[in-house]
Amino acid sequence: MPRQPNTRRRDAMRKGGYTALEAVGMVITALAAQAVIRGLLNPDSEPLWGILNGLPGGHTGQMILLGSIALVAMALGGWAHTRQKPDTDRAGARGRIRGRGTT
């Protein structure tokens with residue numbers, strides 16, 4: 001009889017990867033969004049400690065890049081969040097009613 005692949009372990013590793021990707025996306029979003037807000041409120045400050053000073057476009061180019069990074073990180077984190085298999089049913093999801101067995 002052929003061995004069944006260990007799908008439980010593979011699913012746990014996949015879920016851990018999605019969780020890590022979601023966390024990285026949230027952190028990058030928070031840092032980039034904070035830099036954009038700080039740059040808009042105080043245009044004389046250097047966003048991200050002057051790391052982006054070499055970019056063309058000056059302050060506007062820096063804000064556009066940081067905003068784009070924040071949006072991409074938010075989309076990536078959201079995608080990773082939706083790819084995880086939920087442990088429980090979501091509210092309003094189609095399917096069976098909780099508490100009732102399948103008959």
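L65 lies in helix α2, and this residue is a good starting point for a set of exercises on the predicted model above. Work through each task with the structure open, then compare your steps with the solution.

**Exercise 1. A residue and its patch**

Task: Decide whether L65 is buried, partly exposed or exposed, and find which residues make a nonpolar surface patch with L65.

Solution:
- Step 1. The relative accessible area of L65 is 32%. Buried needs a value under 20% and exposed a value over 50%, so L65 is partly exposed.
- Step 2. Look around L65 on the surface: V24, I28, L65 and I69 make a nonpolar patch of about 280 Å².
- Step 3. Now ask where the patch comes from. The elements giving two or more residues to the nonpolar patch are α1 and α2, the latter spanning residues 58-83.

**Exercise 2. The overall build**

Task: State how many helices and strands the protein chain has, and what share of its residues is buried.

Solution:
- Step 1. Count the elements: the protein chain has 2 helices and 0 strands.
- Step 2. Turn to burial. Of the 103 residues in the protein chain, 19% are buried.
- Step 3. Add the surface. The accessible surface of the protein chain is about 8500 Å², and carbon and sulfur atoms hold 61% of this area.
- Step 4. Finish with contacts. Take the contacts with a separation of 6 or more: 60% of them join residues 24 or more positions apart.

**Exercise 3. The aromatic pair**

Task: Find how many aromatic pairs the whole structure has, and explain what parts of the chain the pair of Y18 and W79 ties together.

Solution:
- Step 1. Searching the whole structure gives 1 aromatic pair.
- Step 2. The partners are Y18 and W79, with ring centres 5.8 Å apart and planes at 85° to each other, which is an edge-to-face arrangement.
- Step 3. Y18 belongs to helix α1 and W79 to helix α2, so the pair ties together parts that are 61 residues apart in sequence.
- Step 4. Compare each partner with the cut-offs. Y18 has a relative accessible area of 14%, so this tyrosine is buried. W79 has 42%, so this tryptophan is partly exposed.

**Exercise 4. A buried alanine and a glutamate that touches it**

Task: Work out whether A80 is buried or exposed, and which residues A80 touches beyond four places in sequence.

Solution:
- Step 1. Place the residue: A80 sits in helix α2.
- Step 2. With a relative accessible area of 0%, A80 is buried, because buried means under 20%.
- Step 3. Leaving out residues up to four places away in sequence, A80 touches Y18, L21 and E22.
- Step 4. Follow the contact to E22, a residue of helix α1. Its relative accessible area is 16%, so E22 is buried.
- Step 5. Beyond its neighbours within four places, E22 is in contact with G77, A80, H81 and Q84.

**Exercise 5. The nonpolar core**

Task: Name the residues of the largest nonpolar core, and say which helices each supply at least two of them.

Solution:
- Step 1. Here is the general idea to keep in mind: in soluble globular proteins, nonpolar side chains tend to be buried together.
- Step 2. The largest nonpolar core has 5 residues, namely A35, V36, L52, M63 and L66.
- Step 3. Helices α1 and α2 each supply at least two residues of this core.
- Step 4. Pick out M63. Apart from neighbours within four places in sequence, M63 is in contact with A35, V36, G39, L40 and P47.

**Exercise 6. Apart in sequence, and in space**

Task: For K15 and Q84, then for L76 and L21, give the separation in sequence and the C-alpha distance.

Solution:
- Step 1. K15 lies in helix α1, which covers residues 7-41. K15 and Q84 are 69 residues apart in sequence, with their C-alpha atoms 5.7 Å apart.
- Step 2. L76 lies in helix α2. L76 and L21 are 55 residues apart in sequence, with 7.6 Å between their C-alpha atoms.
- Step 3. Check exposure too. K15 has 29% relative accessibility, so K15 is partly exposed; L76, at 39%, is also partly exposed.

**Exercise 7. A residue in the loop**

Task: Find where I51 lies, and whether I51 is buried or exposed.

Solution:
- Step 1. I51 is in the loop between α1 and α2.
- Step 2. Its relative accessibility is 63%, so I51 is exposed.
- Step 3. For a distance to try yourself, the C-alpha atoms of I51 and Q62 are 9.8 Å apart, and the two residues are 11 apart along the chain.

How values were computed. Residues numbered from 1 in each chain as written. Predicted model: local features only at pLDDT ≥ 70, side-chain atom pairs only at ≥ 80, totals over all residues. Heavy atoms only, no water. Helix = DSSP H or I, 4+ residues; strand = E, 2+ residues; numbered from the N terminus. Buried < 20%, exposed > 50% of the residue type's maximum accessible area, 1.4 Å probe, protein only. Patch = residues over 30% accessible without salt bridge, like charges linked within 9 Å, V, L, I, M, F, W, Y side chains within 5 Å. Areas by Shrake-Rupley, 256 points an atom, 1.4 Å probe, with all protein chains shown as cover. Salt bridge = Lys/Arg side-chain N within 4 Å of Asp/Glu carboxyl O. Phe/Tyr/Trp six-rings, centres within 6.5 Å; stacked < 30°, edge-to-face > 60°. Contact = heavy atoms within 4.5 Å. Core = buried A, V, L, I, M, F, W, Y, C linked by side-chain atoms within 4.5 Å.
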